[in-house]
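Thanks for sharing this one. Here are my notes, meant to be read with the structure open beside them.

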Amino acid sequence: MIREPQILACSGVLYPPEGFAHVGVQIWQARQLAGVPRPRMCLVPTATGDAREQIDGWYRLAATFGDAELSHLQLFTQPNVPDVRAHLLSQDVLFVSGGSVVNLLAVWRAHRLDEIMRECWEAGVVLAGQSAGSLCWHLGGVTDSFGDALDPVNDCLGFLPFSNGVHDDLGDQPRRATYRHLVGERTLPPGYASEDGVALHYVGTRFHEALSVLPGRNAWFVEPDGDGASRETAIPARLWVPRAG
């Protein structure tokens with residue numbers, strides 16, 4: 001099956017509201033984009049140092065959304081599959097966990113995953129992920145990989161010609177203000193920010209739409225205003241969750 005290159009760049013739900021019933025639904029969104037009844041789906045948890053908790057949670061959550069061939073790729077202390085390139089290219093969906101985007105990029109480049117991921121994307125494998133797994137596909141963004149003060153990162157994979165802000169409405173870090181400041185002063189190029197629970201769906205290198213697992217959420221297009229500040233355009237996100245029953 002030939003698919004156009006697609007990326008689903010997500011802000012996961014860090015602080016679920018009371019009664020939240022859609023844990024892990026961005027995994028479901030990614031599998032829907034693959035468009036096959038029994039997708040092959042692989043978790044890439046490099047950004048967490050291949051944390052066992054992350055891997056176990058993947059198998060538990062992903063299995064709740066229907067029949068699928070599930071796997072994961074560990075790189076610590078060595079790859080857990082004999083041929084990394086062949087394994088990733090055989091998948092329908094690659095789902096990249098949150099964590100440290102700086103560490104993810106360093107380890108991926110050491111293992112040539114930057115090249116392999118591009119090959120997968122161009123072959124139609126759906127690339128998806130949350131937080132670090134969203135930032136990595138863009139030109140750059142804002143990261144807390146170095147500390148809570150937040151810093152720009154400008155050496156992401158650059159499959160998409162935009163910067164990226166994640167957790168745009170996070171209350172305990174000034175991500176929203178920092179991202180807009182860095183875009184306004186042109187430290188970061190123009191790009192898209194996503195509130196918690198919102199995913200940015202790209203087809204090829206074109207932004208297609210914003211999808212959400214929570215009602216009333218937005219994505220934002222942020223660009224310089226020409227006077228050292230930024231301007232933003234709200235993009236209401238379409239609520240996309242499995243139907244009850």
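The points below cover the sheet, a hairpin, the salt bridges and one loop residue.

1. A word on the source: this is a predicted model, so please read every value below as computed from predicted coordinates.

2. The open sheet is a good place to begin. Its eight strands follow the order 3-2-4-5-1-10-11-14, and the pairing is mixed. Strand 3 (69-72) and strand 14 (238-239) are at the edges; each has a single partner strand, so one side of each has no neighbour in the sheet.

3. Within that order, strand 1 (residues 6-10) and strand 5 (residues 126-130) run parallel and are joined by four bridges. If you want a register marker, A9 sits opposite G129 in strand 5.

4. Helix 2 (residues 52-62) lies across strand 2 (40-44), strand 3 and strand 4 (93-96), and it runs at about 170° to strand 3.

5. Do look at the hairpin made by strand 12 and strand 13, which has five residues between the strands. G226, in the turn, has a positive phi of about 90°. Strand 12 (residues 218-224) and strand 13 (residues 230-236) are antiparallel, with seven bridges, and V222 faces E232 across the pair.

6. The whole structure contains 17 salt bridges. One of them joins the side chains of E69 and R38, at 3.7 Å from N to O. E69 belongs to strand 3 and R38 to the loop between helix 1 (25-34) and strand 2, so this pair ties together parts 31 residues apart in sequence. E69 is partly exposed at 42% relative accessible area, and R38 is partly exposed at 44%.

7. A second pair, R40 and D92, meets at 3.3 Å, N to O. This salt bridge connects strand 2, which holds R40, with the loop between helix 3 (84-89) and strand 4, which holds D92, 52 residues apart. Which partner is buried and which is partly exposed? D92 is buried, because its relative accessible area is 6%, while R40 is partly exposed at 32%.

8. D169 and R217 also form a salt bridge, at 3.3 Å from N to O. The two residues are 48 apart, with D169 in the loop between strand 8 (163-165) and helix 7 (175-184) and R217 in the loop between strand 11 (206-212) and strand 12. Separately, salt bridges with shared partners join D168, R176, R180 and E232 into one network.

9. Finally, L139 lies in the loop between helix 6 (132-135) and strand 6 (140-143). L139 is partly exposed, at 33%, and its contacts include V153, C156, L160, F162 and P189.

Methods. Residues numbered from 1 in each chain as written. Predicted model: local features only at pLDDT ≥ 70, side-chain atom pairs only at ≥ 80, totals over all residues. Heavy atoms only, no water. Pairing = 2+ DSSP bridges. Buried < 20%, exposed > 50% of the residue type's maximum accessible area, 1.4 Å probe, protein only. Contact = heavy atoms within 4.5 Å. Axes fitted to C-alpha atoms, helices over the stretch in contact; angles between N-to-C directions. Salt bridge = Lys/Arg side-chain N within 4 Å of Asp/Glu carboxyl O. Lists of a residue's contacts leave out its neighbours within four places in sequence.
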